[in-house]
Structure formats: structure tokens, C-alpha cells
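This report describes how strands are arranged within and between two chains. Please consult the sequence and the model while reading.

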Amino acid sequence: MATTTATITLSSSDITDNALSISNTATLTTAGTDTGITETTGLARVKTNSGSNTLLLDFGLTGGVAQDITADKSAKVYIKNVNDRGDGTKFVNILIKTREIGRLYGGDWMLIPYSGGDGEDIEYTASDTTETTLEYCVFYE
Amino acid sequence: MATTTATITLSSADLLSDNLSLSATTTLNKGGTTATGLDQFRMERFILAPGTGQVDLIEATTAASEDANYVYICNKNTDPTHYVVVSIYDVVIGRLYAGDWMFMPWDADVVALGAGGSAIEVEAEVADITLEYCLFHNGETKTASDDS
């Protein structure tokens with residue numbers, strides 16, 4: 001088994017009257033166990049010039065980077081918009097099953113659990129047709 | 001404005017044949033701005049009982065709709081079989097097991113989906129789940145009190 005950790009630190013010295021500091025480390029394990037996750041896509045990078053929905057993770061091996069994620073387990077997905085923030089008007093919408101989750105502006109990242117399942121693809125839509133670059137990594141069983 | 005940063009470090013010495021070490025930091029800014037930081041947030045810790053079905057963790061509001069909002073959620077339980085299912089309305093994002101955390105942007109799209117349609121929902125499975133969450137947002141629409 002492998003030991004993979006994900007640590008988050010949220011900090012601000014001025015969003016409240018006192019400093020905010022939240023830190024947490026999760027060890028990525030298979031569902032319902034203390035056994036470390038042993039499969040990953042590794043870190044990958046994709047680019048698009050499309051302003052339409054674009055497939056990032058096709059659940060079911062029908063396209064994109066081949067995935068072999070078991071549904072309803074303990075998969076985790078990391079995505080980062082590596083573009084510059086620019087004037088802050090360009091972003092990438094992240095979607096699951098065509099439902100908008102949220103906007104990743106330049107430099108933003110996310111880490112979410114991912115259940116997968118029939119039609120539960122992860123897609124992204126850039127806010128314009130200038131080149132957009134994303135990095136992602138999936139940990140799964 | 002405030003300056004709030006979110007940093008992630010992903011690391012493993014034995015998942016791959018070489019070390020995995022990934023780190024990223026972003027500043028939580030308002031949408032449509034170069035560097036104006038979000039200056040509103042709320043944080044809560046509570047116990048969610050199983051058997052109640054999906055409950056709204058965070059409801060979307062017009063003030064936050066289609067903007068830059070960020071959500072952190074952590075399952076504070078320690079039994080590895082305890083998890084919550086996190087959804088946006090009827091779309092399941094995934095299962096957050098004991099000790100796991102997640103951090104994601106949130107569109108809060110009231111315009112297209114209505115307040116309930118983009119609410120972040122959670123459902124406890126197996127046992128009581130102690131959840132912590134923190135929402136960094138660009139505004140909330142408060143409703144008038146009953147005696148106003």
C-alpha cells in the first residue's frame with residue numbers, strides 16, 4: 001500500500017479581526033479502510049481553445065485519458081487552472097454531469113471527492129476561446 | 001479587501017516509482033477583479049445524523065450567484081467507515097470519508113438553477129458525522145426577520 005497525503009492551509013491575517021488559519025491533512029485511503037490508495041493517473045495537463053463543454057474525465061473508458069475508477073468509492077480529483085489570472089474575467093467552469101460546480105480562475109485549484117457513476121463525467125468550459133490550460137490528477141481505486 | 005490564501009500540498013514517497021510532491025497556492029479573489037480579495041466568510045462545525053436524507057449545507061443566494069465563492073468541508077470523524085455524500089442538488093460530487101477534506105469553487109448559480117438547484121447538500125451515512133465547513137464568498141442575501 002502507498003501513503004499519499006493531501007494538506008490544505010487556509011490563512012488570512014485580515015479577513016477577520018483575528019488571524020484565520022485552518023490546516024488539515026488527509027491521508028488518501030480506499031473506501032472505508034485505512035489502506036492507502038494505490039492508483040493514480042499521475043499529473044496531467046490539457047489545453048483547449050474551445051468555449052464549449054470539454055470532457056476532462058470520461059467515466060467509463062470511452063474517451064479522454066483512460067480511467068478505471070470504481071464508482072461510489074473514495075476517488076479524489078485535483079484540478080488547477082494554470083493560466084494567469086489576468087484581469088480576473090477569464091475562468092473555467094467545472095461541471096459534473098453537466099451541472100456547474102464552480103469557477104476556477106487563473107491560479108485556482110480544487111480537490112474534491114469523486115463518486116463517478118453512469119454519466120457522471122467531469123467537464124470544463126472556458127469562459128472564452130483563448131487558450132486555457134488545466135492540470136489534473138486523479139487518485140482512485 | 002482581505003487577503004486569504006489557500007495552499008495544497010499533495011505528497012507521497014511510494015505511490016509512484018518516484019516521489020510525488022505537488023504544491024499550489026491561490027489567493028481567494030472576487031470574480032472579475034485583478035486582485036481584490038474576498039472579504040466575507042462563515043465557518044461552522046456541527047453534527048449531522050444519518051437517516052435524515054440530504055440536507056442543505058449551504059444555500060445559494062443571489063448575492064453570491066455566478067461569482068467566485070470557495071468552500072472547504074472536512075469530515076472530522078475518525079472511523080474510516082463513516083462518510084458523508086456531498087452533492088450539488090441532485091448531482092453527487094463524492095463521498096467524504098473520515099479525515100477527508102475537500103476544497104472547491106462554488107458557482108452558487110441562482111440565476112439558472114434557483115436557490116435550491118445549486119445548494120451544496122450533505123447526507124450522513126453509517127453514523128453521526130462531525131462536519132466543519134468554511135465558505136468564502138462575495139455576498140449573502142439576508143431575509144427579513146419575522147418581526148421586522
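Which residue is the bridge partner of Ile94(A) in β10(A)? The partner is Tyr124(A). The model in which this pair is found is a predicted one.

## The sheet within chain A

The pair Ile94(A) and Tyr124(A) belongs to a longer pairing. Strand β7 of chain A, residues 91-96, runs antiparallel to strand β10 of chain A, residues 122-126, and five bridges join the two.

These two strands sit in an open sheet of four strands in chain A, ordered β5-β10-β7-β8 and paired in the antiparallel sense. The edges are taken by β5 (54-57) and β8 (99-105) of chain A; each has a single partner strand, so one side of each is left without a neighbour in the sheet. On average, and with direction ignored, neighbouring strands of this sheet are turned by 30 degrees against each other.

## The sheet shared by both chains

A further open sheet of four strands draws on both chains, in the order β2(A)-β1(A)-β1(B)-β2(B), again with antiparallel pairing. Its edge strands are β2 (20-27) of chain A and β2 of chain B, each of which pairs on one side only. With direction ignored, the average turn between neighbouring strands of this sheet is 10 degrees.

Where the chains meet in this sheet, strand β1 of chain A (residues 4-12) pairs with β1(B) in the antiparallel sense, over nine bridges. Within this sheet, Leu10(A) stands opposite Ala6(B), a residue of β1(B). On the chain A side, β1(A) also pairs with β2(A), antiparallel and over eight bridges. There, Ser12(A) has Leu20(A) of β2(A) as its bridge partner.

## The contact between the chains

The contact between the two chains involves 53 residues from chain A and 50 residues from chain B. On the side of chain B that touches chain A, the elements giving two or more residues are the chain B strands β1 (4-12), β2 (20-27), β5 (70-75), β6 (83-88), β7 (91-97) and β8 (101-105). The largest share of that side comes from β1(B), with nine residues. β1(B) is also the strand that pairs with β1 of chain A.

What is the make-up by class of the side of chain B that touches chain A? It has 28 nonpolar, 16 polar and six charged residues.

Key: Residues numbered from 1 in each chain as written. Chains lettered and ligands numbered in written order. Predicted model: local features only at pLDDT ≥ 70, side-chain atom pairs only at ≥ 80, totals over all residues. Contact = placed C-beta atoms within 7 Å. Nonpolar A, V, L, I, M, F, W, Y, C, P; charged D, E, K, R; others polar. Pairing = 2+ DSSP bridges. Axes fitted to C-alpha atoms, helices over the stretch in contact; angles between N-to-C directions.
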